Amino acid sequence: MSAAPSSAGQLPGGPSLPQERRLVTAIPGPKSQELQARKTAAVAAGVGTTLPVYVTRAGGGVVEDVDGNSLIDFGSGIAVTNVGNAAQAVVDRASAQLAAFTHTCFMVTPYEGYVAVAEQLNELTPGDHEKRSALFNSGAEAVENAVKIARAYTKRSAVVVFDHGYHGRTNLTMALTAKNMPYKHGFGPFAPDVHRVPVAYPYRWLTGAENCAAEAAAQAIDMINKQVGADNVAAIIIEPIQGEGGFIEPAKGFLPAIAEFARANGIVFVADEIQTGFCRTGQWFACEDEGVVPDLITTAKGIAGGLPLAAVTGRAEIMDAAHAGGLGGTYGGNPVACAAALGSIETMKELDLNAKARRIGEVMLDRLRSLQEKHEIIGDVRGRGAMIAVELVKPGGKEPNPEATAAIAKACHAEGLVVLTAGTYGNVLRFLPPLVMPEHLLLEGLDILEGAFASH
Ligand code: PLZ
């Protein structure tokens, strides 16, 4: 058992880390607790932490902390390290770029990496039409820019979003996000001309899952027509699988119906693939599952193996509608982040991470469905690829059970398994392992989860 090295400078991270769970202290350990006390004194209270173990290195399927514990990672830093932490190609390319130059500002004196990332995005996103991309720093910034672009193209202002949707924490994206607490509470007023319509949530659709897609699409379209007016709508923005909202997979048929309505009415259809993108669901992008080709697609998270990068990609005529100088930002498409993205995309192709994600999905869904038979509080098991969730309810019905969700997450944390929660009602346990997760750790993680349910 190796003690955690003290200086971050000498840490070999990435795939060379021992792929094992190892608990040598309680979680969080004493050093993490000391750091958490410093955090409380130094960092704004509004910035929360799910599991206050302080990380020294991470790679493959594990996260190592300052106390020498090694935890199994079912979170990927919220769907970011799809290629694993410190993936070799990401480290190599980003390090070389760091040593060459760190920033010039693409809007001042450009560089190839930005263009190469745009070319990759144009090629990998659905549809063989001519495309353009623009790069930004965060998911929220990408969504904001998708709205700017759609408004410039359509010369309309309204934006339509969905129940349970999540799009970010900036002012406009708070308006687009559904859930009040913790994202919006006390932070208004919000950007105007944003309209929320129903989403096809099969598990909670009152007339039953089989009616969900058609009824939800009809309701959404009726609300747009009657309350907004289709010809006032610049963009409809939807996550093909809703992330923070609880890994809600809209009933099959819903996405194509909404995309078709957008097309017929000159509305820009935007797929927010920030959480679902880059092999996460077993395809490059989740909207491919139903053959939906969005006009614009927003990406971030998985794109650059952990470095901050985001993008809007879409039809050339829409993307080019914003005037020169209308889009940008000091750091957008930073050269180190672009180099990391090229390493990340290369890794996804080389290791066929779509296949790995699908395998993770099979293993997880199988185990979780048998767990559901034993535990009445597991109301629903859902997801695709390595984006899997269970929704917890009170026994005998569908009333959300956020208390059990928090308790089971806590029990998993104590055993060295990083799991996240989600959902409008806070009653969803979500699993987002790195796609390079070794199978023995995936199975061990599921054993821990099973134990947490058994002792609840
Ligand atoms: N769109 C679909 O999932 C970010 C949020 C974590 P940023 N989701 C994680 C938190 O509590 O802040 C997300 C997303 C979808 C947009 C975003 C926003 O991406 O990079 O966090 O701005």
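Here is a walk through this predicted model, from its ligand out to its two sheets and a few unusual spots in the backbone.

Let's start with the ligand, since it gives you a handy landmark. It has 15 residues around it, and the closest are G139, A140, R169, D272 and Q275. If you sort that shell by class, you get five nonpolar, five polar and five charged residues. Now look at some individual side chains. D272 has a polar side-chain atom 2.8 Å from a nitrogen atom of the ligand. Q275 puts a polar side-chain atom 2.8 Å from an oxygen atom of the ligand. K301 also joins in, with a polar side-chain atom 3.1 Å from a ligand nitrogen. How much of the ligand does the protein bury? On its own the ligand exposes 510 Å², and the protein buries 82% of that.

Next, find the sheet of seven strands. It is an open sheet with mixed pairing, and if you step across it you meet the strands in the order β4-β10-β9-β8-β7-β5-β6. Why is one side of β4 and of β6 left without a neighbour in the sheet? These two, β4 (131-136) and β6 (194-197), stand at the edges with a single partner strand each, so each has one side with no neighbour there. The sheet is also twisted from strand to strand: ignoring direction, neighbours are turned by 20° against each other on average.

Zoom in on one pair in this sheet. Strand β7 (residues 233-238) and strand β8 (residues 268-272) run parallel and are joined by four bridges. If you'd like one to look for, I236 has F269 in β8 as its bridge partner. Helices pack here too. Helix α4 (residues 112-124) sits on the sheet, where it touches β4, β9 (296-299) and β10 (310-315), and its direction makes about 130° with that of β4. Helix α8 (residues 254-264) lies across β5 (158-162), β7 and β8, and it runs at about 165° to β7.

There's another sheet to visit. Four strands make up this open sheet, in the order β1-β2-β3-β13, again with mixed pairing. Its edge strands are β1 (55-59) and β13 (417-418); each has a single partner strand, so one side of each goes without a neighbour in the sheet. Between β1 and β2 there are four bridges, and the two strands run antiparallel. Here A58 stands opposite V63 in β2. These strands form a hairpin with two residues between them, and G60 in that hairpin takes a positive phi near 60°. Moving along, strand β2 (residues 62-65) is joined to strand β3 (residues 70-73) by three bridges, and this pair is antiparallel as well. V62 stands opposite I72 in β3.

Finally, check out some backbone oddities. As a rule, most residues other than glycine have a negative phi, and most peptide bonds are trans. With that in mind, look at H164: it isn't a glycine, but it has a positive phi of about 70°. You'll find H164 in the loop between β5 and α6. Which peptide bonds are cis? One runs from I27 to P28, with omega near -5°. P28 is in the segment before α1 (30-42). Another cis peptide bond joins G188 and P189, with omega at about 0°. P189 has its place in the loop between α6 (171-176) and β6, and β6 is one of the edge strands you met in the sheet of seven.

Methods. Residues are numbered from 1 along each chain as its sequence is written. This is a predicted model: local features need pLDDT of at least 70, side-chain atom pairs count only at pLDDT 80 or more; totals for chains, interfaces and linings use all residues. Side-chain values use heavy atoms; hydrogens and water are left out. A residue is near a molecule or strand if one of its heavy atoms lies within 4 Å of it. A polar contact is a pair of N or O atoms within 3.5 Å; within protein, one must be able to donate a hydrogen and the other to accept it, and residues adjacent in sequence count only if both atoms are side-chain atoms. Accessible areas come from the Shrake-Rupley method with a 1.4 Å probe; for residues, only the protein chains shown count as cover. Ala, Val, Leu, Ile, Met, Phe, Trp, Tyr, Cys and Pro count as nonpolar, Asp, Glu, Lys and Arg as charged, and the others, Gly among them, as polar. Two strands pair if DSSP finds at least two bridges between them. Axes are lines fitted to C-alpha atoms, for helices over the stretch in contact, and angles run from 0 to 180 degrees between N-to-C directions. Contact means heavy atoms within 4.5 Å.
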